[in-house]
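This briefing sets out the sheets, the helix packing and one buried site of the structure shown below.

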Amino acid sequence: VEHPVTPFSIDRGSLHASLTDTAMESMNLLNQVAERYPKAISFAAGRPFEGFYELEQVHEYLRVFCEHLRTGQGLTDREIARMLYQYGPTKGIINDLIARYLAVDERITAEPRSIVVTVGAQEAIYLALRALRAEQRDAVVAPDPTYVGLTGAARLAEMPVLGVPVGEDGIDRDELVAVLRRARASGLRIRACYVTPDFANPAGLSMTLESRRQLLEIAEAEQLLLIEDNAYGAFRSSDRRLPTLKSLDRAGHVVYVGSFAKTGVPGARIGYLVADQEIAVDGVGGAALLADELAKIKSMLTVNTPPIAQAVIGGKLVSNGFSMVAANERERAAYTRNLQRALDGLRGRLGAIPGVSWNQPDGGFFVVVTVPFPVDDRLLEHAADHHGVLFTPMRHFHSTRAGDHQLRLSISTLTVDQIEQGLDRLAAVVREAVGAV
Ligand SMILES: Cc1ncc(COP(=O)(O)O)c(C=O)c1O
């Protein structure tokens, strides 16, 4: 006798709360809009420029890495094969190369043992939050607006994110202190403050040297850990790069998160963190480094970062004298040119419209435009459908209403012609909406 089969289903509401979270749902929605309008000119995608990709280069990086192991470290081909084929150390196999790169490009002194090589900066951020979130009262502080990867990782780690307003020079320091005080008074324990001092995603702006120093002073005074995410630091338009928080940090308050997605090979998915804070056991220090604790979590998440992917990035570092700034001269020139084109193009097209303004980033991928009408997903859909242009409504990056009249433009994937054409289309959207207000 055949019984009727009821298909097994799982109620989404019974799954982890992050899956019904508006922050995570809105990013999926944005991706769907982009997928539905593949012909639209996209100022939405924050991916790196693809024009310089060469297939042969990946093979070359692998060869250079193997040669480095052979001649630089005296390994046999058998040992090298084992390193690339076999499961590897949880902390990584290119920690020494990343340490040299950090010294060359960022003037950061990092011992290889304080570095964990991760599957993108995304895993690094998650590992840090996961380790820090021990109790229900634990929370993290971040600029408002902030990177969706931070918000999403915090949701997975079940950690509330308390937003701090940002100004022209990054996270507002007075507001930060006020948020810390209020949070503590209400019984919360603030485990860390996440910041992107260079060309923040989505705000585009950077902290000045002075504001970096002030933030470090607050960290010392408040005994606050800082998580510094530096995905875009190599792409400053001018030659005057500013020191990272980590390089200015004297008291060990900074966990530094890096990514080779924009500077290396995005598909390799290599990021890392420097977590050199000492772990104390029963009040006695020296037991281990925070990096060791994070590696324990990683061993249960991704086990180890794929050695072949690490080898590709390692080869790129060796090939370029351990400088990703040097390796990315062409890319930096392209992003600088694109950013300038976008800023000039906005002035030419929207400069005379009352209530329309935009910020002036000195590098990175993003420009934020403020307009006198609400920017939401309906407007995005309309812009895609009727004008063939995509952008990101800033409200998706905010926990407050502060971004309701703003949109983010990303200039990284486009050619100059596409930027000009895209801005023509964007200007039509703006003029239409202003007329309708
Ligand atoms: C602020 C920020 N951090 C990190 C990353 C890169 O993360 P991953 O290395 O996981 O690609 C991005 C990329 O979009 C980013 O915008």
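Two strands count as paired if DSSP finds at least two bridges between them. By that criterion, strand 12 and strand 13 (residues 366-370) are joined, with 2 bridges and an antiparallel run. The model is predicted, and the points below are grouped by topic.

**Sheet of 4 strands**
- This open sheet has the strand order 12-13-16-15, and its pairing is antiparallel.
- Strand 12 (357-358) and strand 15 (392-393) stand at the edges; each has a single partner strand, so one side of each lacks a neighbour in the sheet.
- W358 has V369 in strand 13 as its bridge partner.

**Sheet of 8 strands**
- A further open sheet has 8 strands in the order 2-9-8-7-6-3-4-5, with mixed pairing.
- Its edges are strand 2 and strand 5 (170-171), each of which has a single partner strand, so one side of each is left without a neighbour in the sheet.
- Strand 2 pairs with strand 9 in the antiparallel sense over 5 bridges, and V117 stands opposite Y272 in strand 9.
- Helix 5 packs on this sheet through contacts with strand 2, strand 3 (138-144), strand 6 (189-195), strand 7, strand 8 and strand 9, and its direction makes about 120 degrees with that of strand 2.
- Helix 10 also packs on the sheet, touching strand 2, strand 8 and strand 9, and its direction makes about 30 degrees with that of strand 2.

**Buried side of helix 10**
- In helix 10 (residues 290-299), the buried residues are L290, A291, L294, A295 and K298.
- These residues lie on the same side of helix 10 because they cover an arc of only 135 degrees around the axis.
- The partners of these buried residues are strand 2 (115-119), helix 5 (120-132), strand 8 (254-259), strand 9 (270-274), strand 10 (278-281) and strand 11 (284-289).

**I227 in strand 7**
- I227 belongs to strand 7 (residues 226-229).
- The relative accessibility of I227 is 2%, which is under the 20% cut-off, so I227 counts as buried.
- Leaving aside residues up to four places away in sequence, I227 touches A128, L129, L132, A192, C193, Y194, V195, V255 and V257.
- The C-alpha atoms of I227 and E2 are separated by 59 Å, and the two residues are 225 residues apart along the chain.

**Helix 2 and helix 11**
- Helix 2 (residues 55-73) packs with helix 11 (residues 307-319) at an angle of about 80 degrees, and their axes are 7 Å apart.
- That angle makes helix 2 roughly perpendicular to helix 11.
- The contact of helix 2 with helix 11 comprises 9 nonpolar, 4 polar and 1 charged residues.

Note on methods
Residues numbered from 1 in each chain as written. Predicted model: local features only at pLDDT ≥ 70, side-chain atom pairs only at ≥ 80, totals over all residues. Heavy atoms only, no water. Buried < 20%, exposed > 50% of the residue type's maximum accessible area, 1.4 Å probe, protein only. Contact = heavy atoms within 4.5 Å. Arc of directions from axis to C-beta. Axes fitted to C-alpha atoms, helices over the stretch in contact; angles between N-to-C directions. Parallel < 35°, antiparallel > 145°, perpendicular 65-115°, else oblique. Nonpolar A, V, L, I, M, F, W, Y, C, P; charged D, E, K, R; others polar.
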